[in-house]
Amino acid sequence: MEICVDSVVSALNAEAGGASRLELCANLVEGGTTPTSGLLRVVKRRVKIPVFAMVRPRGGDFVYTEDEFGVMEEDVRDLKSCGADGFVFGILTPSGGVDVERCSRLVELCRPYPVTFHRAFDMVKDPIESLEDILRITFDRVLTSGRCGTALGGMPLISQLVERAGTRAVIVPGGGINEENLEALLRGTRAKEFHCSARVTSVSKMEYRHVGVAMGSNYQPDEFVLKVADAKRASALLSIAKGVWRETCINI
């Protein structure tokens, strides 16, 4: 069970709930961007499980300028020096394919650490062709919702990807996974891993609240509501997964 987190408290809660790995991001409201080196250092001091760092210089699409790609290279070097245990990224071409040349360069820079191709995969034009490109580049994992809004909706494609990838890479379902749909998803795809946030709403500790002012210009979430990973939710999800894996004899 991999849990995506964007704060120290979420990292601690995820580990307490049984996560085997963290995906550390900033800005989860936009699907996750590159975390700061300070956040990575503190999380690494506080948890014992592996921490994979997102490498995504901004929200939006996955076609990057030369300068943005340069930022990604510098971030990998910086995050490696801060103790990242793995990296998560994806780069596409304008025509909807995998940017093989740039992905290959970044994978080489990330080594010897493991690399995951993230949900940029869900924006590709041809998922089978793109999977083969990703496998040739030697990514270790592919995170995907099966090109749908949720992993449950993308279950048919995820199942196909799991079978096609075989032992060459791990297909990791992610997107809208919760206690109600995890069992069906794992049974239907035979996935050996899954990705979730296990988040709950936490109320801000601010006593004085100046309302009517937001820090963002477009999407404006409540400034006094926080989303944090919850240990109890994580534990419940892991219990469901272990039950399915035990019954279906899937080794993890």
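**Close-up 1. V88 and its counterpart across a parallel strand pair.** In this predicted model, V88 stands opposite T116, a residue of strand β5. The strands in question are β4, covering residues 86-89, and β5, covering residues 115-117, and they pair in the parallel sense over 3 bridges. Strands of a sheet pair through backbone hydrogen bonds, in either a parallel or an antiparallel manner.

**Close-up 2. Helix α2 packed on the sheet.** Helix α2, formed by residues 37-46, packs on the sheet and touches both β2 (21-24) and β3 (51-54). The direction of helix α2 makes about 165° with that of β2.

**Close-up 3. The open sheet and its edges.** The sheet is open and consists of 8 strands with parallel pairing, arranged in the order β7-β6-β5-β4-β3-β2-β1-β8. Strands β7 (170-173) and β8 (195-196) stand at the edges, and because each has a single partner strand, one side of each is left without a neighbour in the sheet.

**Close-up 4. The chain that surrounds these elements.** The protein chain has 8 helices and 10 strands. Its radius of gyration is 18 Å, close to the 18 Å that the globule rule gives for 252 residues, so the chain is as compact as a globular protein of that length. Along its principal axes, the C-alpha trace spans about 55 × 50 × 35 Å. Buried residues make up 47% of the 252 residues, and the accessible surface of the chain comes to about 12,100 Å², with 52% of that surface belonging to carbon and sulfur atoms. Of the contacts between residues at least 6 apart in sequence, 66% join residues at least 24 apart.

Terms used
Residues are numbered from 1 along each chain as its sequence is written. This is a predicted model: local features need pLDDT of at least 70, side-chain atom pairs count only at pLDDT 80 or more; totals for chains, interfaces and linings use all residues. Side-chain values use heavy atoms; hydrogens and water are left out. Two strands pair if DSSP finds at least two bridges between them. Helices (H or I, at least four residues) and strands (E, at least two) are DSSP runs, numbered from the N terminus. Contact means heavy atoms within 4.5 Å. Axes are lines fitted to C-alpha atoms, for helices over the stretch in contact, and angles run from 0 to 180 degrees between N-to-C directions. The radius of gyration is taken over C-alpha atoms; the globule rule is 2.2 Å times the number of residues to the power 0.38. Buried means under 20% relative accessible area, exposed over 50%, partly exposed in between (1.4 Å probe, protein chains only). Accessible areas come from the Shrake-Rupley method with a 1.4 Å probe; for residues, only the protein chains shown count as cover.
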